[in-house]
Amino acid sequence: MSETTSTNEEKKKPPLNGRRAIPSNNSNEEENEVPEIEAFGLIPRGFNPKDYLRAVDIHMFKEPHEINKQQHHTDKYYSPKLIVRRGQIFQIQIDFNRPYKPETDQFWLEYLIGRYPQQNKGTYIPILVGNVLKPGEWGAKITHKENNSVRLSIMSSATCIVGKFRLYVAVWTPFGIIRTQRNSATDTYILFNPWCQQDAVYLDDEKEREEYVLNDVGIVFHGNINDIKLRSWSYGQFEENILDACLFLMDKAELELSGRGNPIKICRVASAVINSRDDNGVIAGSWDNAYTYGVAPSAWTGSVDILLEYYSSKQPVRYGQCWVFAGVFNTFLRCLGIPARLITNYSSAHDNNANLQLDFFLDDEGKLDTKLTKDSVWNYHCWNEAWMTRPDLPVGFGGWQVVDGTPQETSDGMYRCGPASVQAIKHGHVCFQFDAPFVYAEVNSDIIFSRRQKNGIQVIEKIDTTHIGQLIVTKEVGGEGMMEITEEYKFQEGSEEERLALETAVMYGVKKQSTQDVYQPQTDVDMDFQVQKAVLGSDFKVTITFRNRSRNYYTATAYLSGNIVFYTGVAKSEFKKHSFSAKLEPSSSSAFDVVIKASEYMSDLLDQASFHFFVTAQINETGKILAMQKATVLEVPALRIKTQGELVAGKVMSVTVEFTNPLKQTLENVTLRLEGPGVLRTMKKEFRQIPANSTLIWEVKTIPRQPGLRKLIASLDSNALRHVYGELNIQVQKP
């Protein structure tokens with residue numbers, strides 16, 4: 001028994017380390033003991049601290065309607081503590097036991113963070129009261145004196161640590177320093193300040209600040225390039241305990257407190273801790289359509305549940321896919337005050353070891369060889385952009401930076417990605433940290449179809465240079481629409497600038513194999529195909545068109561392969577094989593329809609109802625191959641949300657969610673979720689069954705907290721049907 005007690009004691013004491021005098025200071029949660037009386041030497045017998053100036057009370061002006069939170073744009077945070085942004089003045093008032101006399105009394109403020117505060121690390125900040133405040137530097141000055149009270153204006157440094165500070169008021173006496181007691185009510189959160197010109201995250205457009213910092217809902221664009229779908233996501237960065245949960249993530253990532261004023265460092269460690277690979281981070285990814293003991297990625301309606309669950313359990317939350325990682329990352333960034341937006345890249349290249357090419361292998365008949373083909377094209381991939389200066393790079397590479405929390409490739413030994421300058425990616429300057437070659441390849445790779453002939457030689461049949469990164473989008477500022485930002489990442493396909501950017505990227509080590517010499521395509525026949533828009537559970541057709549632009553008569557042997565795929569482009573099963581021959585008359589077009597029946601695909605369908613079609617055709621006369629591939633997504637029915645009665649902050653309102661099952665089968669184990677930042681915390685309801693064609697109705701009562709335009713977001717999840725969403729904008733009146 002005695003042995004175990006001694007080891008426990010040892011555990012409590014930080015291990016000695018020959019390299020540093022004090023242990024690493026990487027937890028905002030931990031504190032040190034601060035002495036209330038710090039004697040200079042022996043205290044004489046007659047000394048009574050009560051004879052000296054003493055701080056009795058500190059007023060923080062921390063209510064949402066009071067001056068500090070109003071001026072600092074932090075009035076939406078659901079927190080009783082003071083929350084301010086760095087590099088900007090805030091006010092406090094100190095009540096003393098008697099009037100303050102500047103001639104004889106001397107007091108100062110102390111802000112401390114972490115367990116080992118040190119002045120040179122910015123974790124111990126003593127602030128003397130002066131006459132003038134310098135912009136962006138720590139300081140305090142008295143603005144008002146009345147009776148026993150003084151009102152102070154305090155300026156924080158525009159580069160200070162972001163986190164939760166403890167506040168003490170210290171008074172000098174001839175025999176020692178007397179401090180206020182530890183009081184958590186005076187704790188002060190200091191955040192990034194996009195409104196302050198000296199802050200590394202300064203953003204000069206007010207509308208953009210309102211969108212990228214203060215908007216607590218957003219839109220995720222998904223589906224695919226031919227069928228763009230969108231759904232709302234609740235970021236909820238102002239909801240109760242979310243700020244503490246975000247600070248906890250930096251503790252979890254063991255980021256030194258002294259590095260927490262630097263948005264580059266914060267983004268880099270956060271992109272690793274958002275996923276659970278190699279550090280037990282926030283979300284466990286799952287792409288295999290089996291979500292036992294967890295929540296299906298498509299069922300989440302926002303970030304709040306995920307962050308709060310992680311904050312309390314300290315265990316990875318199951319499960320996420322790219323938009324979930326990106327949604328939670330966006331909440332983290334906006335919560336700390338870093339402007340951020342969620343990006344979707346349609347037809348995103350993956351696993352490309354930065355060689356700028358995806359290899360699709362065909363067998364000698366022109367069918368896709370699934371064993372050899374390891375690369376995949378994601379229908380879409382979501383990441384984030386965070387706005388900041390990049391003093392570590394040459395001038396011109398600040399602004400939007402790509403950060404990605406989805407675990408795809410390791411970077412410096414961990415699953416993380418970014419920050420990578422969007423501007424550097426566009427111009428091919430991929431030598432600049434972090435992970436620019438990987439992102440460059442995600443938006444710029446070529447697809448190379450090569451075929452193994454009977455003699456074993458690989459022949460390149462087709463190179464598709466335009467399929468990858470066709471469309472890059474984000475939500476528009478101040479609206480619900482889509483804003484295309486493809487040209488932020490790349491120049492116009494085929495332009496001189498694009499070629500230069502590519503050559504620059506190759507010069508900086510992005511590998512590109514030269515394939516031009518071996519490749520002579522069939523240029524006088526074009527092939528294309530269209531997939532009919534279809535609702536889940538119905539038949540649809542694929543139309544293949546050939547255009548023979550030559551004067552020759554050709555015949556073609558064509559093959560269509562239909563695969564059910566994950567949105568990552570990885571095939572689960574081939575559900576349709578169809579071969580046909582086509583006669584191609586000179587100078588004319590011909591079309592061929594292939595019908596896809598619901599019965600062929602329903603049993604194998606995955607949660608994103610996503611298909612991938614390959615069509616290959618061999619021109620018999622020349623032996624050349626035409627190849628094309630496209631993804632398509634089925635239409636999924638929506639949830640309907642309605643409200644009854646008047647919508648007033650502080651009063652009960654009623655919300656109904658309705659859903660009609662469109663399938664020819666009963667839905668089992670159905671979960672509904674409903675949430676709306678400022679209106680209601682996430683609510684869940686389980687239904688055992690919804691028979692075919694029947695309608696379910698769920699009514700919820702709630703009391704909206706905040707007036708203004710709010711959004712309700714709902715999702716339905718079941719084994720047979722996923723990605724079912726609904727949303728409703730509501731106007732909540734002031735009471």
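1. A polar contact of 2.8 Å links the side chain of D404 to that of H381. This is a predicted model, and every point below should be read that way. Both partners of this pair carry a UniProt annotation: the "active site" feature, from an unreviewed entry, covers C322, H381 and D404. These three positions are spread over 83 residues of sequence, yet they cluster in space, with a largest C-alpha distance of 9.9 Å.

2. Take H381 next. Where does H381 lie? It belongs to strand β18, residues 376-388. H381 is buried, because its relative accessible area is 0% and the cut-off for buried is under 20%. Beyond its neighbours within four places in sequence, H381 is in contact with C322 and D404, among others. The remaining contacts of H381 are I343, T344, N345, S348, T406, Q408 and E442.

3. Now D404. This residue sits in strand β19, which covers residues 399-404. Is D404 buried or exposed? D404 counts as buried, since its relative accessibility is 1%. Setting aside residues up to four places away in sequence, D404 touches H381, C382 and W383. D404 also touches S271, F329, R416, C417 and E442. E442 thus appears twice: it is in contact with H381, and D404 touches it too.

4. A second annotated group deserves a look. UniProt, again in an unreviewed entry, places a "binding site" feature at N444, D446, E493 and E498. These positions span 55 residues in sequence, but no two of their C-alpha atoms are more than 13.7 Å apart, so they gather at one spot.

5. Two members of that group can be described further. N444 is found in helix α9, residues 436-444. N444 is buried, with a relative accessible area of 15%. That value qualifies because buried means under 20%. Not counting residues up to four places away in sequence, N444 touches L356, I468 and K490. E498 is found in helix α11, residues 496-507. With the same exclusion of sequence neighbours, E498 touches F491, Q492 and E493. E493 is itself one of the "binding site" positions.

6. How many cavities of 30 Å³ or more does the structure hold? There are two. The largest cavity contains about 60 Å³ of space. Its lining is made up of E211, Y212, V217, G218, I219, Y235, N330, R334, R341, L342, T474 and K475. Five elements appear when we ask which give two or more residues to this lining: α3 (206-214), β12 (217-224), α7 (322-336), β16 (340-350) and β25 (471-475). Strand β12 gives the most, with three residues. By class, the lining of the largest cavity has five nonpolar, three polar and four charged residues.

7. The second largest cavity has a volume of about 50 Å³. E239, V304, E675, G676, P677, L680, R681 and T682 line this cavity. Which elements give two or more residues to its lining? They are β36 (667-676) and β37 (680-690). The largest share, three residues, comes from β37. The lining of the second largest cavity divides into three nonpolar, two polar and three charged residues.

8. One more residue is worth checking on screen: N548. N548 lies in strand β28, residues 540-548. At 2% relative accessibility, N548 counts as buried. The side chain of N548 makes a polar contact of 2.8 Å with the side chain of S550. A polar atom of the N548 side chain also lies 2.8 Å from the backbone oxygen of N552. Leaving aside neighbours within four places in sequence, N548 is in contact with D524, V525 and Y554. The list of contacts for N548 also includes L584, E585, P586, S587 and S588.

Note on methods
Residues are numbered from 1 along each chain as its sequence is written. This is a predicted model: local features need pLDDT of at least 70, side-chain atom pairs count only at pLDDT 80 or more; totals for chains, interfaces and linings use all residues. Side-chain values use heavy atoms; hydrogens and water are left out. UniProt positions are given in the numbering used here, feature names are shortened, and annotations may be inferred rather than shown by experiment. Helices (H or I, at least four residues) and strands (E, at least two) are DSSP runs, numbered from the N terminus. Buried means under 20% relative accessible area, exposed over 50%, partly exposed in between (1.4 Å probe, protein chains only). Contact means heavy atoms within 4.5 Å. A polar contact is a pair of N or O atoms within 3.5 Å; within protein, one must be able to donate a hydrogen and the other to accept it, and residues adjacent in sequence count only if both atoms are side-chain atoms. On a 1 Å grid over the protein atoms alone, a cavity is a set of points where a 1.4 Å probe fits but cannot get out, and a pocket is an open set with protein on both sides within 12 Å along at least five of seven lines; lining residues have an atom within 4 Å of a point. Grid points are joined across faces, edges and corners, and a volume is the space filled by probe spheres set on the points. Ala, Val, Leu, Ile, Met, Phe, Trp, Tyr, Cys and Pro count as nonpolar, Asp, Glu, Lys and Arg as charged, and the others, Gly among them, as polar.
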